[in-house]
Amino acid sequence: MTANVSAPEGESVSQNAAQNASQNAALPEGDRPGSGTRFLLGIGGVLTAILGVIVLAHPVATGAFALRLIALLVALYTLVIGIIYIVSAISERDRSGWRRVGAAVLGALFIAGGVFLACNLLAVEVLLPVLISVTVGVLWLVEGIAVLTVVGQQTESRGWRIFSGVISILAGIALLLAPLSGIATLWWLTGIAMVVLGIVQAVRSFSKQSAA
């Protein structure tokens, strides 16, 4: 009885799958499932590659614009966080008095910091690349030391791990010794990565769409 019941069910499933496949094949290319997403991903890859070319062609101008934008976003973020603290101190009546006072003080400090950053964007633009370069340099240095510390416990790819650890330490030291030139190199490498990843994404997306 079981075989007699399951066989028609299996045939109906296969027939439904065949009907769905034939319907998808009959649809225009732009109406097939997933074609719109692949097209948008391809366009995103093209735009990413174009931005990478602009970064490589005008590294100073694009770097200055990116730093100015980041500085402005940091100032706005600080202001918003301060406003949230102030609003929470005023609106949340169930909190204790000291907690509300602490939230109000933190909010005032954040707002003051945001106003200071907004009024001194040029200084922030100068200090921000140094801060980024030093932070990345410290992270690379710590990562390299950590890799070399545990390399004796690894049995596979030990030579590659030693090489990557030494490179990470040297790169971290270079960023710490020359943060401005280091951040310029990082920005240049960012442009290259945007071009390569954008082209790869566009080629993969458009090739899958044409094959669909």
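Reader: What does the accessible surface of the protein come to, and what share of it belongs to carbon and sulfur atoms?
Author: Keep in mind that this is a predicted model. The accessible surface of the protein comes to about 14100 Å². Of that surface, the share belonging to carbon and sulfur atoms is 74%.

Reader: OK, and what percentage of the residues are buried?
Author: To count as buried, a residue needs a relative accessible area under 20%. The protein has 212 residues, and the buried ones make up 20% of them.

Reader: How many helices and strands are there?
Author: Let's walk along the sequence: the pattern reads α-α-α-α-α-α-α. In that pattern every element is written as α. The tally is 7 helices and 0 strands.

Reader: Among contacts between residues at least 6 apart in sequence, what share joins residues at least 24 apart?
Author: Start with the contacts whose residues sit at least 6 apart in sequence. Then pick out those joining residues at least 24 apart, and you get 74%.

Reader: Now for helix pairs. Are α3 and α4 roughly parallel or antiparallel?
Author: Two packed helices are described by the angle between their axes and the distance between the axes. Here α3 (residues 59-91) and α4 (residues 97-119) have axes that come within 7 Å and cross at roughly 160 degrees. Angles over 145 degrees count as roughly antiparallel. So α3 is, relative to α4, roughly antiparallel.

Reader: Which hand does that crossing have, and how many nonpolar residues does the contact of α3 with α4 have?
Author: α3 passes α4 in a left-handed crossing. By class, the contact has 6 polar residues and 1 charged residue, and the nonpolar count is 18.

Reader: How is α5 oriented relative to α6?
Author: The axes of α5 (residues 121-150) and α6 (residues 158-177) come within 7 Å, and they cross at roughly 155 degrees. The cut-off for roughly antiparallel is over 145. That's why α5 is, relative to α6, roughly antiparallel.

Reader: Which residues of α6 are met by α5, and how many of the residues in that contact are charged?
Author: α5 passes α6 in a left-handed crossing. On the α5 side, W140 and E143 are among the residues involved, and those met in α6 include R161 and I162. By class, the contact has 15 nonpolar and 7 polar residues, and the charged count is 2.

Reader: Last one: which residues is Q201 in contact with, leaving aside its neighbours within four places in sequence?
Author: Q201 sits in helix α7 (residues 179-211) and is partly exposed, with a relative accessible area of 31%. Q201 and L41 are 160 residues apart in sequence, yet their C-alpha atoms are 7.1 Å apart in space. Leaving those sequence neighbours aside, Q201 is in contact with L41, G44 and G45.

Methods. Residues numbered from 1 in each chain as written. Predicted model: local features only at pLDDT ≥ 70, side-chain atom pairs only at ≥ 80, totals over all residues. Heavy atoms only, no water. Axes fitted to C-alpha atoms, helices over the stretch in contact; angles between N-to-C directions. Helix = DSSP H or I, 4+ residues; strand = E, 2+ residues; numbered from the N terminus. Parallel < 35°, antiparallel > 145°, perpendicular 65-115°, else oblique. Left-handed = near helix turned anticlockwise from the far one by under 90°. Nonpolar A, V, L, I, M, F, W, Y, C, P; charged D, E, K, R; others polar. Buried < 20%, exposed > 50% of the residue type's maximum accessible area, 1.4 Å probe, protein only. Contact = heavy atoms within 4.5 Å. Areas by Shrake-Rupley, 256 points an atom, 1.4 Å probe, with all protein chains shown as cover.
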